[in-house]
Protein chains: 2
Amino acid sequence: MPNRSVFFVSDGTGITAETFGNSILAQFPGKSRHVRRPFIDSVEKARAVLDEINQVADAEGRKPIVFITLVNDDVRRIITDDACRGRVLDMFKHFVEPLEDEFGVKSNHRVGRFSDAAKSTEYNERIEAINFSLAHDDGQSARNLAAADVILLGVSRCGKTPTSLYLAMQHGIKAANYPLIPEDFERNTLPSSLVPHLKKCFGLTIDPERLAQIRNERRPGSKYAALENCRYEVHAAETLMRRSSIGWLSSTHKSIEEIATTILRDIAPDRLIY
Amino acid sequence: MPNRSVFFVSDGTGITAETFGNSILAQFPGKSRHVRRPFIDSVEKARAVLDEINQVADAEGRKPIVFITLVNDDVRRIITDDACRGRVLDMFKHFVEPLEDEFGVKSNHRVGRFSDAAKSTEYNERIEAINFSLAHDDGQSARNLAAADVILLGVSRCGKTPTSLYLAMQHGIKAANYPLIPEDFERNTLPSSLVPHLKKCFGLTIDPERLAQIRNERRPGSKYAALENCRYEVHAAETLMRRSSIGWLSSTHKSIEEIATTILRDIAPDRLIY
């Protein structure tokens, strides 16, 4: 789909439309131009978007792809009408309507996961989890580890911080993270503050070659970044985790989303918001 | 849908299935029990999930809802077959197939936005953006503000940090954030380090009542948290931003997702990964 324009039209943020749309578009080669049109909640705004879609269709000589999440029928009709010269993919039609049938109730036509949720308990717990994860980043605080849902362990720069923040932001999980450092390897035991919480611990490891590359970007030519030192640290960290029966995985070929999914599956925290 | 079980079955992380599924389920009252089954990439694993779905159907006397993102036809067929006693919502069938038709090419059957992307340039830029946003949280560093895509301004505890992290994590945006503090209000000018970057600045504000409540959770009974002080700071911050023609919005009734969407629309950074 070279140079294809893709519209994301929503009466909310359009995040649902775009997340899902990206996942679908990733099935196809080529790169597309993204046009976000959030907060389209009136017939007037929808008409303006319709004009835009049709102008793009004329200019490019091809149908733009149009992902929509529009719950208001009057608004939706404008974009799904024959007058629209885009290829419209209606995310609610194929899913909301079958569920209305299955549940035997009408949907209440709220949009997305966020709209009313903004100041709900659930939302506030997510924000609290983000604050917790920031305060417990990189072993900054051993206080209150009992309140953590998950504690990530691993050598410096193996991916603990982004994974913790992702768990907090996306799932409302209080994720602390704790670096394993040379002192731990010399002592050859886990930091004592972690011992009461082994069930919540999850390890990350990484290929020493990749680790050396990442560390060299930070501190070029340092002992910290030297491949030999990285090999030593990774091996020592894995030995410590194995001995304590802490599950772990390698971040080398995994995204934070994949790592987070595995952690949720394996640790299965009691308190899981999403 | 009281006590309805919902399965998310995917050959990848299932994040797409779940994000979209949650958005659809939010249209209906009631709470559902979520069952995540990620990494279902073989016929054997699919059969095990099928058994699980059917057991739940029998136990609950109702069809579980089953959101699937499965690209392998053999795997998918097991879950979409008549033998499955769940209500299956197939996220690819309604979207991938029409696009194959529109583009005139077969999809390449990758799953989700993450699978091959893990170590792509795009992914590494996201991780770099997260590190940048952490290093530039709360005005920690005025170095390298030129490299920021967006700079968020506002009084302490108005929501800058979670919004910056969200922009970085979700959109690969390097979002610095900078607190407006009593010294700025006394001087009655913006911090001088921001002046070269006004075009990238975006303000957050908040109802003083809500701000006082948030600050009181942190420092109960302090001057910092007093309603009168919050009123003064919010008013002074808005005055500063207005005078510098910095766009802003209130976080009081908005989620970080909604705020981020508005910022992307208004600032329109050149470098927008997602």
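**Exercise 1. Work out what share of the contacts in chain A with a separation of 6 or more joins residues 24 or more positions apart.**

Step 1. Start with the term: a contact means heavy atoms within 4.5 Å.

Step 2. Now take the contacts in chain A with a separation of 6 or more: residues 24 or more positions apart account for 72% of them.

Before you go on, two notes on the setup. This is a predicted model, where local features need pLDDT of at least 70 and side-chain atom pairs count only at pLDDT 80 or more, while totals for chains, interfaces and linings use all residues. Residues are numbered from 1 along each chain as its sequence is written, chains are lettered from A and ligands numbered from 1 in the order in which they are written, and side-chain values use heavy atoms, with hydrogens and water left out.

**Exercise 2. Describe the build of chain A: is it spread out or a compact globule?**

Step 1. Look at the pieces. Chain A has ten helices and eight strands. Helices (H or I, at least four residues) and strands (E, at least two) are DSSP runs, numbered from the N terminus.

Step 2. Check the spread. The radius of gyration, taken over C-alpha atoms, is compared with a globule rule of 2.2 Å times the number of residues to the power 0.38. For the 274 residues of chain A the rule gives 19 Å, but the chain comes out at 24 Å, well over that, so it is more spread out than a compact globule.

Step 3. Add the box: along the principal axes, the C-alpha atoms of chain A fill roughly 70 × 45 × 30 Å.

Step 4. Finish with burial. Buried means under 20% relative accessible area, exposed over 50%, and partly exposed in between (1.4 Å probe, protein chains only). In chain A, 59% of the 274 residues are buried.

**Exercise 3. Find which strands of the sheet β2-β1-β3-β4 (chain B) stand at the edges.**

Step 1. Read the order. This is an open sheet of four strands with parallel pairing, running β2-β1-β3-β4 in chain B. Two strands pair if DSSP finds at least two bridges between them.

Step 2. Pick the ends. In chain B, β2 (32–37) and β4 (87–90) each have a single partner strand, so one side of each is left without a neighbour in the sheet.

Step 3. Zoom in on one pair. Strand β1 (residues 4–10) of chain B and β2(B) are parallel and share six bridges, and B:Ser5 sits opposite B:Arg33 in β2(B).

Step 4. See what packs on the sheet. Helix α2 (residues 43–60) of chain B touches β1, β2 and β3 of chain B, and its direction makes about 175 degrees with that of β1(B). Axes here are lines fitted to C-alpha atoms, for helices over the stretch in contact, and angles run from 0 to 180 degrees between N-to-C directions. A helix from the other chain joins in: α4 (residues 96–103) of chain A lies across β1, β3 (65–69) and β4 of chain B, at about 175 degrees to β4(B).

**Exercise 4. Trace what surrounds strand β7 (residues 201–205) of chain B.**

Step 1. Place the strand: β7 belongs to an open, parallel sheet of four strands in the order β6-β5-β7-β8 (chain B).

Step 2. Go through its partners. Three bridges join β5(B) to β7(B) in parallel, with B:Leu152 opposite B:Phe202. On β8(B), again parallel with three bridges, B:Trp248 faces B:Gly203.

Step 3. Check burial. Five of the five residues of β7(B) are buried, so the strand is largely enclosed by the rest of the structure. B:Cys201, B:Gly203 and B:Thr205 point one way, while B:Phe202 and B:Leu204 point the other way.

Step 4. Add the helix: α10 (residues 256–267) of chain B lies across β5 (150–155), β7 and β8 of chain B, at about 150 degrees to β7(B).

**Exercise 5. Decide whether B:Phe185 is buried or exposed, and list its contacts.**

Step 1. Locate B:Phe185: helix α7 (residues 182–187) of chain B holds it.

Step 2. B:Phe185 has 7% relative accessibility, so it counts as buried.

Step 3. Beyond its neighbours within four places in sequence, B:Phe185 contacts residues including B:Val155, B:Leu180, B:Tyr232 and B:Glu233.
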